[in-house]
Amino acid sequence: MVERSDRAPLLDWEEVPSAEKPGVTAPAAAHAKERLSSPTNSRATSGCSTPVFGWSSSPGGPTSVSGSDVCSTPPTTSITPAGTDEGLRPGKEQYLSDLGSREVSLEDRMVTWEEKDQIVSVFVVTFNTRSGNMLEWCLPKDMDLEGVEFKAIASGSHRVTTDFIYFRKGGFFGLACFANMAVESTVERGARMKSVGILSTSYTLLYRYMSFLEHQVRLQLHSPGHYSPLEAFYEDKRALLPPSGDGIVTACPASAWGAAINHNMHPEMKITHPAGCMSQFIRFFGEQIMVLWKLALLRRRILIFSPPPVGVVCYRVYCCCCLANISIPGVSTAVPEFRPFFYVNVADISALENELSYVACTTEKIFEEKKDLYDVYVDNQNVKTYRDGLKPLLRLSTADREKYRKLTEQRQILLYSQEENGDCVSSEEDLFILFFLEQNNRIFQTLSEVAGSPDPTLTQESVRAMGLDPHGDRLFLLHLLEIYGYDTLLVSEQLCCS
C-alpha cells in the first residue's frame, strides 16, 4: 500500500498530467463534476477525487468553505524536481507562463464565494548574521507585518534545510515556506536562509499556494532581490478588503451555502486540507488520540511542542480542531470558539493570555514553564497537564479503547478496499473526520433527548448510548455538561463510583 504524502496538492497553475483516464466509471465521472472551483483556481488532478471535511474558521467567525478534491493516492508532483532549480526564471514571465492555458468545462468553473482568493499580503523574510530575522520585502508596502519575521522563520530553523509554517498575524492567517542553503560567503557565515510567505483572511485554502511558495523561496536563495513573480502573484490573488481596512472578510451569503455543502454537511464543517494529514496524525498519537479528542471537545487550551521542522506540527494543530466537529445546530454556540493559532513564539504570549480556548504549536521550550498559558502541553506523543481537574482525563477508559479499536478496524477495511478493489472514492481523511463527527453528534443528540424527556436524568444506559464509559468517563461527562450548558440535567447516582 502506497503511503499518502503530507505535502500539499499542486497549485492550479502548475502543469500536471491529464486527469482523464480510460474506463472511468459513471459514478466517478459524476462525482468529479460536483467539484466546486473558480476560474482562477481550477485544478487538474490525477486519478480520483474525494471531498474532505473538517473544522473551518475565518477571523469573522465560522464560514462555509467548500470541500477540496483530494485522492487517496499521493498528490501529483511537479514536472520540475523539488531538488533542482534549473529553469528558474526571476521575472514576471515565470508566473504568467506557469498559469498556462487550460480547457475547463462550465461545470468545473462554477464561481463560488468560498473559492475567491483572499491574499492580503506577500513577503520575503531573510536571516541577517548581524541583525537576525529581517523583513526583506513585502506587498503592499503599508501592510503591518511587525513580528512576521519571527513567524516565517521559526526558532531553531537553522537546523533544517526546508520547512513550511502556518501562523496567525492579527486577524489574518499566514503560510510561509523556508529554505536554508549553504553558500561560500564569510558575510553570510556559510548559510543563506530565507522564507517567502503570504497572509490571507482564512487558513482553509492556503495550502494551495505551497508549491508556488516553495519554488519562490528557492528562487530567492539563488537570485536574491528578484520579486517580479511575487508582484505578479499578489496582483492576481490579492483580496478586496472592506474600506475600513479591518481585515474582516464578509461572511458567506446564505444563498451560497447550498452549492458549497456536499453530503448534507453543516457549513461550519466544510474545509479543504492537505492530503494525508489526518491519517498521519492518528498514526502518530495512536490511542492518545482519544485523550486529545476529549480535551478538544472540552475546548481546552492545547499547546504542542516540537523542534523543527514545524510544518507537520502545524498539521497536528489543524487535526486537533477537526476532533471537535459538531454538526448539530446550536450546540457550539454556548462554548468558546476552538481557534487554531498554529505556530506561536514568545511574541504571542500576550495574545495567548487572553484566549479561552485554542490549539497551537511552538518550537520554544520556554513555553512549558508558562503554565498559566495552557491547559494541556503535548511534547511529541506525551500529553500532560498541570491542572488537577484534568489529570484523570489523561487516562484511557474502556470506551476509549473500544472506539480506537473500531477506528483502526474501519481504517484497515478501507485500506483493503482501496488496494484490492481500487476504491478511490473513499479516503482515510473522510473516515477519520466523520468518525469523530458522528461520535460527537451521538453524544449531543443523546444529551438533547434526555434534557427534553420528562425525567432529565443521565443513567448508565444513556451514557452508554453516547458511546461513553459510565464510570471511566464520568468526570469527562461532568465537564461536558458544565461547559455546554446542560445544567438542567441530573446525573444518576449510579455514575458516582468511578
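Select helix 4 (residues 210-222) and helix 5 (residues 228-237) in this predicted model, and display the side chains where Phe-212, Gln-216, Leu-219 and Gln-220 of helix 4 meet Pro-229, Leu-230 and Phe-233 of helix 5. By class, this contact brings together five nonpolar residues and two polar ones, with no charged residue taking part. If you draw the two axes, you will find that they come within 10 Å and cross at roughly 150°. Angles over 145 degrees count as roughly antiparallel, and helix 4 is therefore roughly antiparallel to helix 5.

Next, move to a second helix pair, helix 7 (residues 277-285) and helix 9 (residues 311-322), whose axes come within 9 Å and cross at roughly 90°. With that crossing angle, helix 7 is roughly perpendicular to helix 9. On the helix 7 side, select Cys-277, Met-278, Phe-281, Phe-284 and Phe-285, and on the helix 9 side Tyr-315, Arg-316, Tyr-318, Cys-319, Cys-320 and Cys-322, which together make the contact. Ten of these residues are nonpolar and one is charged, while none is polar.

Stay on helix 9 and turn to its cysteines. How many disulfides does the structure hold? The structure holds zero disulfides, and the sulfur positions in this part of the chain show why for two of the residues. The closest cysteine sulfur to that of Cys-322 belongs to Cys-319, and because the two are 5.7 Å apart, they are too far from each other for a bond. For Cys-321, the closest cysteine sulfur is that of Cys-322, at 7.0 Å, which is again too far for a bond. A pair would have to lie within 2.5 Å to be counted as a disulfide. Both residues are covered by their surroundings: Cys-321 is buried at a relative accessible area of 0%, and Cys-322 is buried at 1%.

Now step back to helix 8 (residues 289-297), where nine of the nine residues are buried, so that this helix is largely enclosed by the rest of the structure. The buried residues to select are Ile-289, Met-290, Val-291, Leu-292, Trp-293, Lys-294, Leu-295, Ala-296 and Leu-297; note that Lys-294 is included in this buried set.

Just after helix 8, centre the view on Arg-299, which lies in the loop between helix 8 and strand 8. Its phi is positive, at about 60°, although Arg-299 is not a glycine. Most residues other than glycine have a negative phi, and most peptide bonds are trans. Arg-299 also counts as buried, at 7% relative accessibility.

A second residue to inspect for its backbone is Phe-342, which lies in strand 9 (residues 339-343). Phi of Phe-342 is near 55°, a positive value in a residue other than glycine, and at 3% relative accessibility Phe-342 counts as buried.

Two peptide bonds deserve a stop as well. Select Pro-308 and Pro-309, which are joined by a cis peptide bond with omega at about 5°; Pro-309 lies in the loop between strand 8 (302-305) and helix 9. Then select Leu-139 and Pro-140, where a cis peptide bond has omega at about -10°. Pro-140 lies in the loop that runs between strand 4 (132-139) and helix 3 (149-152).

Continue to helix 13 (residues 460-465) and pick out Val-463, which has its place there. Is Val-463 buried or exposed? Val-463 is buried, with a relative accessible area of 2%. Add Leu-477 to the selection and draw the C-alpha to C-alpha distance, which is 8.7 Å for these two residues that are 14 residues apart in sequence.

Finally, zoom out to the whole chain, in which there are 14 helices and 14 strands. Of its 498 residues, 56% are buried. Among the contacts with a separation of 6 or more, 72% are between residues 24 or more positions apart. With the surface switched on, the chain exposes about 21500 Å², of which carbon and sulfur atoms supply 52%.

Note on methods. Residues numbered from 1 in each chain as written. Predicted model: local features only at pLDDT ≥ 70, side-chain atom pairs only at ≥ 80, totals over all residues. Heavy atoms only, no water. Axes fitted to C-alpha atoms, helices over the stretch in contact; angles between N-to-C directions. Helix = DSSP H or I, 4+ residues; strand = E, 2+ residues; numbered from the N terminus. Parallel < 35°, antiparallel > 145°, perpendicular 65-115°, else oblique. Contact = heavy atoms within 4.5 Å. Nonpolar A, V, L, I, M, F, W, Y, C, P; charged D, E, K, R; others polar. Buried < 20%, exposed > 50% of the residue type's maximum accessible area, 1.4 Å probe, protein only. Areas by Shrake-Rupley, 256 points an atom, 1.4 Å probe, with all protein chains shown as cover.
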